[in-house]
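The following exercises invite the reader to examine a protein step by step. Each task is followed by a worked solution.

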Amino acid sequence: MNAQILPVAGAMKGARCPKVSLSSDGRTLTVTDEARGRSATLSPASLYRYDYSTDGSGKRSRFLKGVAALDPDGLVLLDLPGDWHPPHLLDFAAKAGIPLRDGRDDSSERARRILAARAPGWERIRGFPAPRTARWNLALGVCAGIAGLALMVYLGVTGMWVAWRGFSAFGRFLMELIEAKWLMVAFSPALLVVRPVLGGVHRWQERRGLVVGPPGGPYLRMKSSRTLSVYRRSGVITELPVEPGSSLLRYRHDDLCGVFLLDPAGNPLLHLPGRWPPASLHRFTERHGLGLAMHRVSREEYLTLTTRSRQAFP
């Protein structure tokens, strides 16, 4: 089948038109985000067009529109917000051979429930360029950290630690409102030094096979020869006993990937979706005497593993 291309018909009312296009080769769907120069390829079982209002009344109520790509179990693989022109979308779905479900008459509760059921590795593509302020976040964060450090030193020298603690608490409350996480260094200036140092220590440990995973988590560490710990930045999430003969399975299923911890009988105990570097996994498993397998899994194998895994951390 020749590739079919469908540009977005428009964005939500009052917004700029997102630069996203769809193309299909059979039932393989390729979504291209022209604004940010990236693309995603997947094989959805169906498409779901949604159009619902958020909670609120008057000016507080918003209408959310878009298209979601669903897997065979109804989990969302990809969310594409925007005001898609119905005739164009219907024509594209028919030519691509992908069933299209029109959910514009669904209740807000039902639409939210469908969109909340996300598959591991799901993503949202908006088609808007990155905000200009995001390009300056690092420089602004460093400047804010230096200013915060100077203020902390001044208040400390003058014996006004209570004023600093109040200023820091207010700043963190403010960040929760404006969602500018890069401002954290202004109210905790030690992060200018602590975070790079901790990141360097984590990379050193990963090269030695002591840990595996990104510094912010989730990452794995063997607390002892019999206990595997899963960490996030805030601390330990869970700990699992590891028997001799246990192993890690790095899988790939379509555009999904992640790691399963398997017991000696091959039963999945833990599921950690995400991209895990093969070299780091090899060093980690070799150091701690775990088995390691890396291969693609079929849909049936993926569903069986995810269903039987006792814990999952998206």
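**Exercise 1. Aromatic rings in a cluster**

Which residues do ring pairs link into a cluster?

Solution. The model is a predicted one. Ring pairs join Tyr48, Tyr50 and Tyr52 into a cluster. The count of aromatic pairs comes to 5. One of them is formed by tyrosine 48 and tyrosine 50, whose ring centres are 6.4 Å apart with 25° between the planes. Planes under 30 degrees apart count as stacked, and this pair of tyrosine 48 and tyrosine 50 is accordingly stacked. Both tyrosine 48 and tyrosine 50 are buried.

**Exercise 2. The surroundings of strand 5**

Determine how far strand 5 is covered and with which strands it pairs.

Solution. Begin with burial: strand 5 spans residues 46-53, and 6 of its 8 residues are buried, so that the strand is mostly covered. Next, consider its pairing with strand 6 (residues 63-70), which is antiparallel and extends over 8 bridges. Within this pairing, tyrosine 48 stands opposite alanine 68 of strand 6. Then turn to strand 8 (residues 100-103), which runs parallel to strand 5 and is joined to strand 5 by 4 bridges. Here leucine 47 stands opposite leucine 100 of strand 8.

**Exercise 3. A stacked pair across two strands**

Why does the pair of tyrosine 219 and tyrosine 231 count as stacked, and which strands hold these residues?

Solution. The ring centres of tyrosine 219 and tyrosine 231 are 5.3 Å apart and their planes lie at 10°, so the pair is stacked. Tyrosine 219 belongs to strand 11 (residues 219-224) and tyrosine 231 to strand 12 (residues 227-232), so the pair ties together parts 12 residues apart in sequence. For burial, the cut-off is under 20% relative accessible area. Tyrosine 219, at 11% relative accessibility, counts as buried. Tyrosine 231, at 17% relative accessibility, also counts as buried. Tyrosine 231 has a further neighbour: arginine 221 lies over the face of its ring, at 5.6 Å from the ring centre.

The strands themselves complete the picture. Strand 11 and strand 12 pair in the antiparallel sense over 5 bridges, and tyrosine 219 stands opposite tyrosine 231 in strand 12. The open sheet consists of 4 strands in the order 10-11-12-13, with antiparallel pairing. Strand 10 (211-212) and strand 13 (235-241) are the edge strands, each pairing on one side only.

**Exercise 4. Two sides of a helix**

For helix 1 and helix 2, establish which residues are buried and which are exposed on the other side.

Solution. In helix 1 (residues 86-96), the buried residues include Leu89, Phe92, Ala93 and Ala96. These residues cover an arc of only 95° around the axis, which puts them on the same side of helix 1. Residues three or four places apart in an α-helix point the same way, because there are 3.6 residues a turn. On the other side of helix 1, Leu90 and Ala94 are exposed. Just after helix 1, glycine 97 has a positive phi of about 75°.

In helix 2 (residues 108-116), Ser108, Ala111, Ile114 and Leu115 are buried. Their arc around the axis is only 130°, which puts them on the same side of helix 2. Arg113 and Ala116 are exposed on the other side of helix 2. The elements covering the buried residues of helix 2 include strand 5, strand 6, strand 7 (76-81), strand 8 and strand 9 (118-124).

**Exercise 5. A glycine in helix 7**

Is glycine 200 buried, partly exposed or exposed, and how far is it from proline 215 in space?

Solution. Glycine 200 is found in helix 7 (residues 191-207). Its relative accessible area is 27%, and glycine 200 is therefore partly exposed. Glycine 200 and proline 215 are 15 residues apart in sequence, and their C-alpha atoms are 9.4 Å apart in space.

**Exercise 6. Confidence in the model**

What is the average pLDDT of the protein, and where is the pLDDT below 50?

Solution. The average pLDDT is 75, and 66% of the residues score at least 70. Residues 7-15 have a pLDDT below 50, and this stretch makes 23 contacts in the model beyond near neighbours in sequence. Residues 56-60 also have a pLDDT below 50, with 3 contacts beyond near neighbours in sequence. Where pLDDT is low, the predicted coordinates should not be read in detail.

How values were computed:
Residues are numbered from 1 along each chain as its sequence is written. This is a predicted model: local features need pLDDT of at least 70, side-chain atom pairs count only at pLDDT 80 or more; totals for chains, interfaces and linings use all residues. Side-chain values use heavy atoms; hydrogens and water are left out. Rings of Phe, Tyr and Trp (its six-membered ring) pair if their centres lie within 6.5 Å; planes under 30 degrees apart count as stacked, over 60 as edge-to-face and the rest as tilted. Buried means under 20% relative accessible area, exposed over 50%, partly exposed in between (1.4 Å probe, protein chains only). A charge sits over a ring if NZ of Lys or CZ of Arg is within 6 Å of the ring centre and within 35 degrees of the ring normal. Two strands pair if DSSP finds at least two bridges between them. pLDDT is the predictor's confidence in each residue, from 0 to 100. Contact means heavy atoms within 4.5 Å. The arc is that of the directions from the helix axis to the C-beta atoms.
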